[in-house]
Amino acid sequence: MKLEAVELRTIRIPLVAPFRTSFGTEYGKEVLLLEVVTDEARGWGECVADPAPLYSSEYNAAAEHVLRHHLIGPVAAAPDLRADVVARTLAPFKGHRMAKAALETAVLDAELRATGTSLGRYLGAVHDSVPSGVSVGIMDSLPELLDAVESNLAQGYVRIKLKIEPGWDVEPVRAVRERFGDIPLQVDANTAYAAADTRRLAELDAFDLLLIEQPFDEEDLLGHARLARALRTPICLDESITSARAAAAAITLGACSVVNIKPGRVGGYLEARRIHDVCAAHGVPVWCGGMLETGIGRAANLALAALPGFSLPGDTSASDRYFATDITVPHRLQDGRVQVPAGPGIGVDPLPDVLDAVTVARDTIIA
Ligand code: OSB
Ligand code: MG
């Protein structure tokens, strides 16, 4: 394939409800979407960065800048472009994994559309649908939280993840356990704790959680290893797992016994699959995380989540958990599961009218 052009498009789309985490509250999504045009087919990629560098050091304006000024050129210069040469081509440029992932995914989508292959088939998916969990934000009160969890359970979500932070941890977990009993339940701190909070976190051992996700700073593998030895509840890492190498190190060090895989965070679906393979070789269960993606990014995540090592339900919720109107045909929850798209590439396209209505900026870069 030969890259001919890349359309960079920024969209803004409201969330159905504000989503509060330990690092901030999101009311809507600002998303950088890429459409690549090659001589064989077009392909889509969604960048999972946010407007501000709060979850990670990446943010939308930086992602757009690095794509425009550093990443697209070398990929366009590749004589025989395929998705598996993108990461190698971009290796000299440090970091910017979310930007790289968006470009690699768009190229991969084009490549697979050209050959009529679905992303799930290409990655090695073994399921047509995946069981889905839901991530429940920090609320202003326990009754509000219980209402949200009740509604999610009524819709059929098979696992609940509660966002926690100091001051919103043991009590919400206890309240959810008392009200809903023995449901699959886990928590995510998004780096909000430190070693001094170990005793507080150990109180969560009483509630039989599936895991505690990313309690400490993303760089603190040693701290997580110490915490893992002090707690009965499994430690899962999200922000810390930036590559297959980082996953191998975290596992070897005892910093985690479960891994959240987010393709955007690790530079794309090919590296995400390598993490899946590394974890499988170590007997470490993985699950597919989310970044409140639109239907474009979600479609690709669903394909990944259908690989055999994804033995825990992911944050692969249905479109209506995020948006009143998704930019694709909505992904739906049925009997606790979401269908893996079966069409070529990521298997979905943006609905042109919806896409145009939410677009706030677009620019075509001729390669
Ligand atoms: O840490 O997993 C996270 C959303 C945005 C940024 C970080 C995270 C999350 C979620 C929700 O927990 C995942 C989703 O439902 O897409
Ligand atoms: Mg997380």
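This report covers the confidence, the two sheets, the ligand shell and one helix residue of a predicted model.

## Confidence

The structure is predicted, not experimental. Mean pLDDT for the protein is 98. Residues at 70 or more make up 100% of the protein. For the complex, the predictor reports an ipTM of 0.99. The pTM is 0.97.

## The parallel sheet

One open sheet holds 7 strands. Their order is β5-β6-β7-β8-β9-β10-β11, and the pairing is parallel. At the edges stand β5 (133-136) and β11 (286-288), each paired on one side only. Helix α5, residues 142-155, packs on this sheet. The helix touches β5 and β6 (159-163). Its direction makes about 165 degrees with that of β5.

Within the sheet, β7 (residues 185-188) and β8 (residues 212-213) run parallel. They are joined by 2 bridges. One residue to look at is D188, whose bridge partner in β8 is E213. D188 is also among the residues around ligand 1.

## The antiparallel sheet

A second open sheet has 4 strands, in the order β3-β2-β1-β14. Here the pairing is antiparallel. The edge strands are β3 (42-47) and β14 (359-366). Each of these pairs on one side only. From one strand to the next, the twist averages 20 degrees.

Helix α1 (residues 60-77) packs on the sheet. It touches β1 (3-21), β2, β3 and β14. The direction of α1 makes about 155 degrees with that of β1. Strand β2, residues 24-38, runs antiparallel to β3 and is joined to it by 6 bridges. L32 stands opposite C47 of β3.

## The ligand shell

Which residues lie around ligand 1? They are Y55, S135, D188, N190, D238, G289, G290, M291, L292, D315 and S317. By class, the shell divides into 3 nonpolar, 5 polar and 3 charged residues.

## R121 in helix α4

Helix α4 spans residues 119-123 and contains R121. Is R121 buried or exposed? It counts as partly exposed, because 15 C-beta neighbours lie inside 10 Å. That count falls between the two cut-offs: 20 or more for buried, 12 or fewer for exposed.

R121 also has a distant partner in sequence. A342 is 221 residues apart from R121 along the chain. Their C-alpha atoms are separated by 8.4 Å.

Conventions
Residues are numbered from 1 along each chain as its sequence is written. Chains are lettered from A and ligands numbered from 1 in the order in which they are written. This is a predicted model: local features need pLDDT of at least 70, side-chain atom pairs count only at pLDDT 80 or more; totals for chains, interfaces and linings use all residues. A residue is near a molecule or strand if its C-beta atom, placed from the backbone, lies within 6 Å of it. Ala, Val, Leu, Ile, Met, Phe, Trp, Tyr, Cys and Pro count as nonpolar, Asp, Glu, Lys and Arg as charged, and the others, Gly among them, as polar. Two strands pair if DSSP finds at least two bridges between them. Two residues are in contact if their C-beta atoms, placed from the backbone, lie within 7 Å. Axes are lines fitted to C-alpha atoms, for helices over the stretch in contact, and angles run from 0 to 180 degrees between N-to-C directions. pLDDT is the predictor's confidence in each residue, from 0 to 100.
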